[in-house]
Amino acid sequence: MPNKTIYVSDDDLALYARAQEIAGGNLSSAIATAIRRYIEIEEGKEAGFDDVTVWVGIGTQRRRLRFSGLLLGRYQHYLTQGEERFQVYRTPKGKVVLYTERSESWRRTSEKEGESRLRGLGAALGLTNDTWASMPAEATFEVVDTIEDLHGKVPEPFHQSVLVAANAPVIEDLDI
């Protein structure tokens, strides 16, 4: 097996010792794993993928998930009591992630204390001094094989736009 010499600064010795401890004494394995992950991240960035962190779960029982993905689209629509927001990502391995947030209630604040009803289109368009806030009551994360598998899980207009976005070039290099 070929040997490679890696020079480690004194400041990094503790880091290498900890990596070797975690890897069960096999520092070479730890370094190879780290390099593999580094290459995966950098090649993903070159292809247009970003690190994405989302909250999933209900209320205070939420947790964070992180993955590498390319955002294909966002869609938000309002319900009588709250809203739904959808985000669809493609992963470097070709899977499709559907991230959904649902809020069950709206809270509106305005310059007039105690006012709590919708004031129509002007408020929704930001033409008044109203401020809107909602807290996701539920956030879900689902991985599917293809965009076609999203059919019935997202509103149809959004499904169609994601189909179009998925066939667009990931990155178009411009020579300008």
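**A walk through the barrel and its helices**

At 14% relative accessibility, glutamate 101 counts as buried, because buried means under 20% relative accessible area. This residue is found in strand E4, and a polar contact of 3.3 Å joins its side chain to that of tyrosine 99. Keep in mind as you look around that this is a predicted model.

Let us step back and take in the whole chain. Its secondary structure comes to four helices and seven strands. Starting at the N terminus, the elements follow the order α-α-β-β-β-β-β-α-β-β-α. The protein chain has 176 residues, and buried residues make up 26% of them. Among the contacts with a separation of 6 or more, 46% are between residues 24 or more positions apart.

The tour along the chain begins with two helices. Helix H1 covers residues 13-22 and helix H2 covers residues 27-46. Two packed helices are described by the angle between their axes and the distance between the axes. Here the axes come within 8 Å and cross at roughly 100 degrees, which makes H1 roughly perpendicular to H2. Which residues in H1 and H2 meet? From H1 come Tyr16, Ala19 and Gln20, and from H2 come Leu27, Ala30 and Ile31. Sorted by class, this contact of H1 with H2 has five nonpolar residues, one polar residue and no charged ones.

After H2 comes a loop that leads to strand E1 (50-58), and alanine 47 has its place in this loop. With a relative accessibility of 30%, alanine 47 counts as partly exposed. Measuring C-alpha to C-alpha in the model, alanine 47 lies 9.0 Å from leucine 70, while the two are 23 residues apart in sequence. Leucine 70 will return below, as part of a bridge.

Now for the strands. Five of them close into a barrel in the order E1-E2-E3-E4-E7, with antiparallel pairing. From one strand to the next, the twist averages 40 degrees. Helix H4 (residues 156-166) packs on the sheet, where it touches E2 and E3, and its direction makes about 135 degrees with that of E2.

We can follow the barrel strand by strand. E1 and E2 pair in the antiparallel sense over seven bridges, and aspartate 51 stands opposite serine 68 in E2. These two strands form a hairpin with four residues between them, and glycine 59 in the turn has a positive phi of about 50 degrees. E1 also pairs with strand E7 (residues 138-144), again in the antiparallel sense, over two bridges. There, isoleucine 58 stands opposite glutamate 138 in E7.

Next comes the pairing of strand E2 (residues 63-79) with E3, which run antiparallel and are joined by nine bridges. Tyrosine 78 stands opposite glutamate 83 in E3, and leucine 70 has arginine 90 in E3 as its bridge partner. The hairpin formed by E2 and E3 has two residues between the strands.

Is strand E3 largely enclosed or open? Nine of the nine residues of E3 (residues 82-90) are buried, so this strand is largely enclosed by the rest of the structure. In a regular strand the side chains alternate between the two faces of the sheet. In E3, Gly82, Glu84, Phe86, Val88 and Arg90 point one way, and Glu83, Arg85, Gln87 and Tyr89 point the other way. Residues on both sides are buried.

On its other pairing, E3 meets strand E4 (residues 96-103), and eight bridges join the two in an antiparallel run. Arginine 90 appears here once more, with valine 96 as its bridge partner in E4. Arginine 90 is thus a bridge partner of leucine 70 and of valine 96. How many residues lie between E3 and E4 in their hairpin? There are five, and glycine 94 in the turn has a positive phi of about 90 degrees.

E4 brings us back to glutamate 101, the buried residue of the opening, whose side chain makes its polar contact with that of tyrosine 99.

Conventions
Residues are numbered from 1 along each chain as its sequence is written. This is a predicted model: local features need pLDDT of at least 70, side-chain atom pairs count only at pLDDT 80 or more; totals for chains, interfaces and linings use all residues. Side-chain values use heavy atoms; hydrogens and water are left out. Axes are lines fitted to C-alpha atoms, for helices over the stretch in contact, and angles run from 0 to 180 degrees between N-to-C directions. Angles under 35 degrees count as roughly parallel, over 145 as roughly antiparallel, 65 to 115 as roughly perpendicular and the rest as oblique. Contact means heavy atoms within 4.5 Å. Ala, Val, Leu, Ile, Met, Phe, Trp, Tyr, Cys and Pro count as nonpolar, Asp, Glu, Lys and Arg as charged, and the others, Gly among them, as polar. Buried means under 20% relative accessible area, exposed over 50%, partly exposed in between (1.4 Å probe, protein chains only). Two strands pair if DSSP finds at least two bridges between them. A polar contact is a pair of N or O atoms within 3.5 Å; within protein, one must be able to donate a hydrogen and the other to accept it, and residues adjacent in sequence count only if both atoms are side-chain atoms.
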